[in-house]
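Welcome! Here is a short guided look at one protein model, one topic at a time.

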Amino acid sequence: MSGMFAGSSTGHGFERRTILRGAALAAAASVPFQALAARTAAAAPVKLEFDAGYGPLRPVKDQATGLELLHLPRGFEYISYGWTNDLMDDGVRTPGAHDGMAAFRYDDKVHLVRNHERGAGPAFTAPAYNSEAGGGTTTLVFDPDAGQWLESYGSLGGTIRNCAGGPTPWNTWLTCEETFSTTEGKRHGYIFEVASEGKGNPEPYTAMGRFNHEAIAVDPATGYVYETEDRGNASLYRFVPAVPGDLAKGGRLEALRIGATTYDTRLDGEKAYGTVSWVPVEDVDPAADTVRLQAQANGAAVFSRLEGAWYGNGRVYVITTDGGPARQGQVFELDPATDEFRVLFASPGADVLNAPDNMCVSPSGALVLCEDGGGTEYVHGLTTDGEIFRFAANNVDLRGGTAGKNVPAADHRGSEWAGSVFEPKNGNWLFVNIQTPGITFAITGPWAQGAL
């Protein structure tokens, strides 16, 4: 994103490269999953019913509506905001289908940029890439000291199915279209950049690839952007920018290769692949959905529905929602400094982890995994000691009333979690969405008592 867009918190390439160097030094001081690295498939991560220091889940009332929307451990509380159809401060109704999200600190306030995974329809805000596309992003402002939501507004419109994305070290949000489609003559399937304060850039970054995007993670040491693809035969990509921190200047797209020929990871359990390599993608903005096919013709590895991605602990983590021996999801870990790659965790069954989707890294270095499976949906923690546990349960059953909210009075307990992210300065708030009916939560409590 260039400096011309409203709310840009940084300047051009030089200033952004300075930010990248500082973030890289901080990353170098962090400790990755050393304890979990010592485990093998024979000593797989341990399932805990709850615990990891927090205790059992119980119903907790929302401080905004009084409804028992979530089950959390004792001592945790939350406040909801930005429900679908709530009036925003720009006079627009909050769009639905809440999805990926990131948090940015501005002095004593937190700004969150939130995706909306909506399809074709009138653009809900400006600027808009396509006036006939209903997806995009909204921006929310929160006071973490007072525990109060302050405002919200539309920040980018005219896109399609903004699923996940990821934050950048230069304080922007990259929002990803999970589609390969054409609406009213305009191509979709791109990545867009949104300032964390103000408005987004309605011009797609075509050099980053046109495909069924899901999420991204940025390595602060290099500015490389790692991109996931939500297809049953997906590839895992990285974008090497011509100017680190200035993605509008273009770059080259590559796909991960394991070994010398195309390797299929879709049924793999916990294992190490050693050092991987990267193969080029020539036609990054194709008319047909061929980016992964090009990559795999060059030897790129095959993945099963890549979903969330996050940078933390000096590593890039990516998720499949239905890979692994039980087809219930895998967590991969890449060391971007050495290109060492492995399956960190594969779910042994739906009772342990059921189709993970969005994710983030907690202040302690643990992973937060959002379910998008069947039945009651949970937010899980995966500790650095290899323990997986349930931290939160979706209890959004509105059949008894909606507390005046303009959403369906239905049972939404099977709706997916999305957009998990911690307050970036002190880590004392976890922000997260439930996609349907579309609610954002700010959760706080005795974090130090457990693994997150």
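## Cysteines without partners

The structure holds zero disulfides, a disulfide being a pair of cysteine sulfur atoms within 2.5 Å. C163 is in no disulfide, and its nearest cysteine sulfur, in C176, is 8.7 Å away. C163 is buried at 2% relative accessible area, where buried means under 20% relative accessible area, exposed over 50% and partly exposed in between, with a 1.4 Å probe and protein chains only.

Why is C370 not bonded to C360? Their sulfurs are 7.0 Å apart, too far for a bond, although C360 holds the closest cysteine sulfur to that of C370. C370 is also buried, at 0% relative accessibility.

## About the model

This is a predicted model, in which local features need pLDDT of at least 70 and side-chain atom pairs count only at pLDDT 80 or more, while totals for chains, interfaces and linings use all residues. Residues are numbered from 1 along each chain as its sequence is written, and side-chain values use heavy atoms, leaving out hydrogens and water.

## A strand covered on both faces

Meet strand β26, residues 378-382; strands here are DSSP runs of E with at least two residues, and helices are runs of H or I with at least four, numbered from the N terminus. Five of its five residues are buried, so β26 is largely enclosed by the rest of the structure. In a regular strand, side chains alternate between the two faces of the sheet. In β26, Y378, H380 and L382 lie on one side and V379 and G381 on the other, all buried.

β26 has neighbours to explore, too. Strand β25 (residues 367-371) runs antiparallel to β26 and is joined to it by four bridges; two strands pair if DSSP finds at least two bridges between them. Six residues separate β25 and β26 in a hairpin, with G375 in the turn showing a positive phi of about 75°. β26 also pairs in the antiparallel sense with β27 (residues 387-394), over five bridges. That pair forms a hairpin with four residues in between, and G386 in the turn has a positive phi of about 90°. G381 partners V368 of β25 and F389 of β27.

## Around I79

Where does I79 lie? I79 belongs to strand β4, residues 77-81, and is buried at 16% relative accessible area. A64 is 15 residues away along the chain, yet the two C-alpha atoms are separated by 5.5 Å. Beyond four places in sequence, I79 touches residues including A64, F142, W149 and F441, contact meaning heavy atoms within 4.5 Å.
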